[in-house]
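Take a moment with the sequence and the model before reading on. The paragraphs below go from the core outward.

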Amino acid sequence: MDKRRAPMHFSDLKEVKRSRLVAAALAFLLCLFCIVRLYAMTFPYANTAKGLQQAVEDYVPSPDDTDATQGIAPDSPLRVIGSAVQGQFLYVAYAADNADHVHGILTMKRGINGKYRPMDASESPFPYTAGIWTGNLWTSGNADNKHFFLVGDNCQEIASVRLVFRVWTKENEEAKTAEKTFAITEPDFLWIFEGKSFAEELGLSTSETNGIFTDAVVLLDKNGNDVTDQYRDDNVNDSWGTSKSTAESFLIYVYIGIVAVVGIVVVKYFLRKEENA
């Protein structure tokens with residue numbers, strides 16, 4: 001008996017080719033879906049009220065199993081005060097409704113999908129029931145890329161704020177002093193100032209300025225009267241500061257690379273079979 005395989009008809013060969021092309025296309029789409037999904041999990045937060053609130057609630061609270069006495073407990077109510085975009089970074093001011101009135105800044109970085117991932121957060125007690133919180137930001141750990149921030153929280157009756165600064169220079173061991181008054185135009189806000197331009201606003205030489213730190217915050221009403229003590233909360237006596245940061249997402253890019261390589265191998269397999277058919 002002749003057991004030789006019967007030649008494949010043209011219609012059968014065409015069907016096999018079509019099946020392999022479909023398999024290659026499905027493998028490509030599955031690979032693309034996995035890559036997009038992995039990236040979306042890394043940069044999940046939109047610059048919307050809901051997205052920022054979710055980012056703060058997910059990232060800021062201390063873990064349940066921590067023994068730290070500072071920071072924000074998982075059950076503390078959190079609220080977003082304001083946000084500001086500087087290049088690829090998004091800064092979010094937040095506050096906790098706890099005994100220390102903890103206020104903080106969450107820094108997030110934008111991905112190619114237009115959404116953001118948390119990078120770091122710094123926070124400290126806020127000794128006022130309403131008022132202004134100030135400080136410095138170092139973008140992505142770069143000490144040469146300094147920013148200065150003002151956070152206003154519940155400033156309905158506060159018309160302006162006078163800030164007194166200690167300014168450290170590269171040439172002098174003793175600090176200089178500087179002063180600036182800001183008009184308050186909204187009750188809740190986050191203002192970000194680039195370090196060098198802010199130094200110029202204070203009348204300082206940007207080449208000599210090494211650090212600008214707030215020495216005093218004076219809250220003023222519409223008549224220019226000092227109303228700071230009206231908002232002071234004497235129950236908040238701590239002066240700690242704490243921060244947390246997230247490493248660059250190197251591993252996620254490794255996973256994306258592995259998925260891409262596997263996808264290419266599978267697609268080429270189906271296409272190579274197609275060529276040899």
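**From the core outward**

The largest nonpolar core has 40 residues, and I105, I132, L150, F165 and L190 touch the most other members. A nonpolar core here is a set of buried Ala, Val, Leu, Ile, Met, Phe, Trp, Tyr and Cys residues joined through side-chain atoms within 4.5 Å. Buried means under 20% relative accessible area, exposed means over 50%, and partly exposed lies in between (1.4 Å probe, protein chains only). Strand β9, residues 189–194, gives this core its largest share, five residues. A second, separate core has 18 residues, including A55, I72, A96 and L106. In soluble globular proteins, nonpolar side chains tend to be buried together.

This is a predicted model, in which local features need pLDDT of at least 70, side-chain atom pairs count only at pLDDT 80 or more, and totals for chains, interfaces and linings use all residues. Residues are numbered from 1 along each chain as its sequence is written, and side-chain values use heavy atoms, with hydrogens and water left out.

Look at I132. Leaving aside neighbours within four places in sequence, I132 is in contact (heavy atoms within 4.5 Å) with F126, L150, V151, G152, C155, V161, I184, F189, V217 and L219. One of these partners, C155, is buried, at 3% relative accessible area.

Now step back to the whole chain. The chain has five helices and 11 strands. These are DSSP runs, numbered from the N terminus: helices are H or I with at least four residues, strands are E with at least two. Of the 277 residues, 39% are buried. Among contacts between residues at least 6 apart in sequence, 59% join residues at least 24 apart.

Two pairs show residues distant in sequence. L30 sits in helix α1, residues 10–42. L30 counts as exposed, at 54% relative accessibility. L30 and V259 are 229 residues apart in sequence, with 9.7 Å between their C-alpha atoms. T214 lies in strand β10 and is partly exposed, at 24%. The C-alpha atoms of T214 and R166 are 6.3 Å apart, with the two positions 48 residues apart along the chain. Not counting residues up to four places away, T214 touches T134, F148, L163, V164 and F165.

Next comes the largest pocket, with a volume of about 790 Å³. A pocket is found on a 1 Å grid over the protein atoms alone: an open set of points where a 1.4 Å probe fits, with protein on both sides within 12 Å along at least five of seven lines. Lining residues have an atom within 4 Å of a point. Of the 37 lining residues, S124, W133, T134, G135 and F149 are closest to the pocket's centre. Strands β4 (116–124), β5 (131–138), β10 (209–220) and β11 (242–245) each give two or more residues to the lining. β5 gives the most, with seven.

How many disulfides does the structure hold? Zero. A disulfide is a pair of cysteine sulfur atoms within 2.5 Å. The sulfur of C31 is 6.9 Å from the closest cysteine sulfur, in C34, so the two are too far apart for a bond. C31 is buried, at 13% relative accessible area.

Finally, check the backbone. Most residues other than glycine have a negative phi. H101 has a positive phi, near 50°, and is found in the loop between β2 (89–96) and β3 (103–110). N154 also has a positive phi, near 60°. N154 lies in the loop between β6 (146–153) and β7 (160–169) and is partly exposed, at 37%.

Definitions and conventions. Grid points are joined across faces, edges and corners, and a volume is the space filled by probe spheres set on the points.
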